[in-house]
Amino acid sequence: MMIFSCFVQSHYDFIAPFFLSGSKKVQKVLKNTQKRALRLACGIGKGSHTAIHFLHNDVPPIELLSKYKIFKCMYLLKNSDLNNTIGKCWQTNNELGIRTARNGNKIRLPSIKVKSTSRLPLFTYPVVYNDLIDFFVSDKCEKDFSKLKTYLLEVYYDTNISSKIVNYDNNSNDNIFNK
């Protein structure tokens, strides 16, 4: 795992903020490459599922790593002195005086005029921030980035493992849940 961390994951940490800006083809290649490298580092077979190994080794897949890094960048930007200079394009609803009761912490999404620009950081970063801000400020996370990372890994594991469970007929003797 040390070799994986040094040679693979360090590169993924570097490109994570720009992952969502890439094309779907590039994203698929990066996901598959990371999974292959993790399988090789853990010594598991080619067709093995990697969700448990991502969770066990505390290594987020590139799509979660990207969301985590983007959210961390946006949150630190919104709560720093740079917000006055850089953050003018990303203003929360409280700053604009819109919807202060329920969605005050969320960033107002800029309108997209051309579909080809929808993957630029100007438009993707606020979407990621708005998806995670409610959990991050809740009592479960308490504004702790390590808890956010753990939560993202657990959600990834739950969604991937539950989607792989085979549903059997309730009357069948093969039903593993009735044993």
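The following dialogue examines how terms are applied to a predicted model of one protein chain.

Biologist: What makes up the chain, in helices and strands?

Modeller: The predicted chain has seven helices and zero strands, and its elements run α-α-α-α-α-α-α from the N terminus on. Of its 179 residues, 32% count as buried. Among contacts with a separation of 6 or more, 55% join residues 24 or more positions apart.

Biologist: How do you know that the length of helix 2 agrees with its 19 residues?

Modeller: The expected span is 1.5 Å times one less than the number of residues. For the 19 residues of helix 2 this gives 27 Å, and the end C-alpha atoms are 27 Å apart, so the two values agree.

Biologist: Which residues of helix 2 are buried, and against which helices do the buried residues pack?

Modeller: Gln27, Gln34, Ala37, Leu38 and Arg39 are the buried residues of helix 2. They pack against helix 1, helix 3 and helix 4. Just after helix 2, glycine 43 has a positive phi of about 75 degrees.

Biologist: Which residues have the most contacts inside the largest nonpolar core?

Modeller: They are Phe71, Met74, Tyr75, Tyr129, Phe136 and Leu148, in a core of 34 residues. Two or more residues each come from helix 1 (2–15), helix 2 (24–42), helix 3 (51–56), helix 4 (62–78), helix 6 (121–136) and helix 7 (145–164). Helix 4 gives the largest share, nine residues. Tyrosine 129, beyond its neighbours up to four places away in sequence, touches Phe71, Met74, Tyr75, Lys78, Asn105 and Ile107.

Biologist: Why is the pair of tyrosine 68 and phenylalanine 145 called edge-to-face?

Modeller: A pair of aromatic rings is described by the distance of the centres and the angle of the planes. By the rule for such pairs, the count comes to nine aromatic pairs. For tyrosine 68 and phenylalanine 145 the ring centres are 6.5 Å apart and the planes stand at 85 degrees. Edge-to-face requires planes over 60 degrees apart, so the pair of tyrosine 68 and phenylalanine 145 is edge-to-face.

Biologist: What makes this pair a tie between parts of the chain apart in sequence?

Modeller: Tyrosine 68 belongs to helix 4 and phenylalanine 145 to helix 7, so the pair ties together parts that are 77 residues apart in sequence.

Biologist: How do you know whether tyrosine 68 and phenylalanine 145 count as buried or exposed?

Modeller: Buried means under 20% relative accessible area. Tyrosine 68 has 11% relative accessibility and therefore counts as buried; phenylalanine 145, at 15%, counts as buried too.

Biologist: Why is the pair of phenylalanine 71 and tyrosine 75 called stacked?

Modeller: The ring centres of phenylalanine 71 and tyrosine 75 are 6.0 Å apart and the planes are at 20 degrees. Planes under 30 degrees apart count as stacked, so this pair is stacked. Phenylalanine 71 and tyrosine 75 are four residues apart in helix 4, which means a separation of about one helical turn. Phenylalanine 71 and tyrosine 75 are both buried.

Biologist: Which residues do ring pairs link into a cluster?

Modeller: The cluster consists of Tyr68, Phe71, Tyr75, Tyr129, Phe136 and Phe145.

Biologist: What makes lysine 72 a charge over the ring of phenylalanine 145?

Modeller: The distance must be within 6 Å of the ring centre, and the charge within 35 degrees of the ring normal. Lysine 72 is at 5.4 Å from the ring centre and lies over the face of phenylalanine 145.

Biologist: Why does asparagine 160 count as buried or exposed, and what does its side chain reach?

Modeller: Asparagine 160, in helix 7, has 18% relative accessibility and therefore counts as buried, the cut-off being under 20%. Its side chain reaches the backbone oxygen of tyrosine 156 at 2.8 Å, and a polar contact needs N or O atoms within 3.5 Å. Leaving aside residues up to four places away in sequence, asparagine 160 touches His49 and Ala51.

Biologist: What is notable about phi of aspartate 58?

Modeller: Most residues other than glycine have a negative phi. Phi of aspartate 58 is positive, near 55 degrees. Aspartate 58 is in the loop between helix 3 and helix 4.

Biologist: How do you know that aspartate 58 and asparagine 57 are partly exposed?

Modeller: Partly exposed lies between the cut-offs of 20% and 50%. Aspartate 58 has a relative accessible area of 43% and is therefore partly exposed. Asparagine 57, in the loop between helix 3 and helix 4, counts as partly exposed at 23%. Beyond residues up to four places away in sequence, asparagine 57 touches Met1, Leu38 and Cys42.

Key:
Residues are numbered from 1 along each chain as its sequence is written. This is a predicted model: local features need pLDDT of at least 70, side-chain atom pairs count only at pLDDT 80 or more; totals for chains, interfaces and linings use all residues. Side-chain values use heavy atoms; hydrogens and water are left out. A nonpolar core is a set of buried Ala, Val, Leu, Ile, Met, Phe, Trp, Tyr and Cys residues joined through side-chain atoms within 4.5 Å. Buried means under 20% relative accessible area, exposed over 50%, partly exposed in between (1.4 Å probe, protein chains only). Contact means heavy atoms within 4.5 Å. A polar contact is a pair of N or O atoms within 3.5 Å; within protein, one must be able to donate a hydrogen and the other to accept it, and residues adjacent in sequence count only if both atoms are side-chain atoms.
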